[in-house]
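Student: Could you take me through one part of this model slowly, strand by strand? I'd like a connected account rather than a list.

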Amino acid sequence: MHHHIRVTLAAAAAAALTGGLLAITAAPASAAGAAKAYDFNGDGYRDLAIGVPKGTANGFKKAGYLVVIPGSKSGLKTADRRIISQSSSGIPGTSETDDLFGTRITSADLNSDGYADLVVTAPGEDASTSEDTGRITILWSGPKGFTRGTVLSGVEQSAGTGFAGLAAADVTGDGKPDIVTGNRGEGSDGVSVARGPFAPGSTPALTHVHVDVPAFSGHLGIGVGDIDGDGKADVAAAYYGDGGGGTAFLRGTSTGLAHVASWNGESTGTAVAVGDFDKDGHADVALGSAGFGTHDDEGWTPKRPLPLHKGGAVRVLYGSAQGPAATRPPVDLVQGTGGVPGTDETDDRFGNTLSTADVNGDGAADLAIGAPGEDIGSAVNTGNVTVLHGSGSGLTTTGAQTFNQGTSGVPGSNETDDSFGGFNGYGIFLRDLNGDGRADLSVAAPGEDGNTGRVWTLTAGASGLTGTGAVTYTPGTLKLPASITGLSFGSTLGY
């Protein structure tokens, strides 16, 4: 029996690392047009950026750094990995304790020079006498690698600029990417935008955008995509806290982002994902570990209740010209229901992480769903990733795949508290790393080896992903700076 489910995805993800070698071995950039996101050396292959915000840089604990591993026709070239921090030559700023440089990252060729640039946040960065205002840095790439940067400073005390998400997307429809960020500030309602075009030597303004999010929300996550199909990227901001939970939407317009009250949704999630699974030209919104948060209104009941579940659900709001969930009701994904693999079990945290891209090359986005709390045998919270494929009629459970450290070809073994699949919204990443037109899966187990962490890359084929030939990376094999204990390596991957 075929089960068709439309879902969307766009998890935010991130990366970080400390001072050291900077230049990425560069091939000639494309003669015309912008490079693909994450193609930092312009050779036509996307590279993998991994965040280590807890890493020690230049002797400062939790200053944070980035690891960049070049892609190639044969996959990632780990021998050519590079480490980047605020102590690296040409990179603005100074490595300081608790900067958390690399907590979130995104990429785009911001100046259309044929080399993708890397945007990275440091939410613990202080500005003058204000603590934890946060900072966003554009790392400009070129023939000699990352040799210069531009800083977008946070402006509000304790705002933690960039902590809650980061994306590069064209929200104005002018053909130039803009930078969108989610913030964690006390009393802040969470979203800022810097409008492109960008260029080295200029300082873009980071402008707060009003969103109807309660003050002191304990969580905010963002996803971007063209939900209404007008050629401009929109933003979904999922929040929850003492003031309630829900998803607020900002619509892309020619003058920037504008809050659309009529699009607001009552459900929220730990992860937000936006993508077009049925190729209808409208991005859909997926909310992982979906729920409603708490509400102060006495007797409040949801208009569209979630199904009963123990281990988490993914709620899908379909896009349309009128916005999300305007023309059809939400679809909810639960393990063991409607052909979704697995069993709904307590604390699986199904949907705690999400990522989307085209795995099998059919033009429809596919969905990877992390369940870091999944128990396998006697291994508690060892974790699992489920992949559902898109089609012309939407996401289908036919041919669904699951992966963990017990899957044939995947190195390692299922152990208690590995958290394979990442956690807190980050730790899986679908992107084509070998240029064959199919997205490969990078997945982290940040709890591996006593929270040291580990990352795997699984290659895609015509029928989907396979564990055969999977490669794993650890702080030790990548020769990352000491101390590697407690890094939670891979907990943030490139978005």
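Tutor: Let's go through one sheet from edge to edge, and then stop at a single loop residue.

Keep in mind that this is a predicted model. The sheet is an open one, built from four strands in the order β13-β14-β15-β16, with antiparallel pairing. The two ends of that order are β13 (217-225) and β16 (256-259): each has a single partner strand, so one side of each is left without a neighbour in the sheet. On average, neighbouring strands here are turned by 25° against each other, if you ignore direction. As a reminder of what holds such an arrangement together, strands of a sheet pair through backbone hydrogen bonds, either parallel or antiparallel.

Start at the β13 edge. β13 pairs with β14 (residues 234-241) in the antiparallel sense, and eight bridges link the two. If you want a spot to fix the register by eye, pick G221, whose bridge partner in β14 is A238.

Now step across to the next pair. β14 and β15 are antiparallel too, with seven bridges between them. Here a handy marker is A236, which stands opposite F249 in β15. The connection is easy to trace along the chain: β14 and β15 make a hairpin, with two residues between them.

β15 itself deserves a pause. This strand covers residues 244-253 and is mostly covered, since eight of its ten residues are buried, buried meaning under 20% relative accessible area. When you look at its side chains, remember that in a regular strand they alternate between the two faces of the sheet.

From β15 you move on to the other edge. Four bridges join β15 to β16, and the two run antiparallel. R251 gives you the register this time, with A258 as its bridge partner in β16. Again the link along the chain is a hairpin, and again it passes through two residues.

That finishes the sheet, so let's turn to the loop residue, A325. You'll find A325 in the loop between β19 (314-317) and β20 (331-333). Is A325 buried or exposed? A325 has a relative accessible area of 16%, so it counts as buried, because the cut-off for that label is under 20%. As for what surrounds it, leaving aside residues up to four places away in sequence, A325 touches R304, L317 and Y318. There's also a pairing worth checking on screen: A325 and V285 are 40 residues apart in sequence, and their C-alpha atoms are 9.0 Å apart in space.

Definitions and conventions:
Residues numbered from 1 in each chain as written. Predicted model: local features only at pLDDT ≥ 70, side-chain atom pairs only at ≥ 80, totals over all residues. Heavy atoms only, no water. Buried < 20%, exposed > 50% of the residue type's maximum accessible area, 1.4 Å probe, protein only. Contact = heavy atoms within 4.5 Å. Pairing = 2+ DSSP bridges. Axes fitted to C-alpha atoms, helices over the stretch in contact; angles between N-to-C directions.
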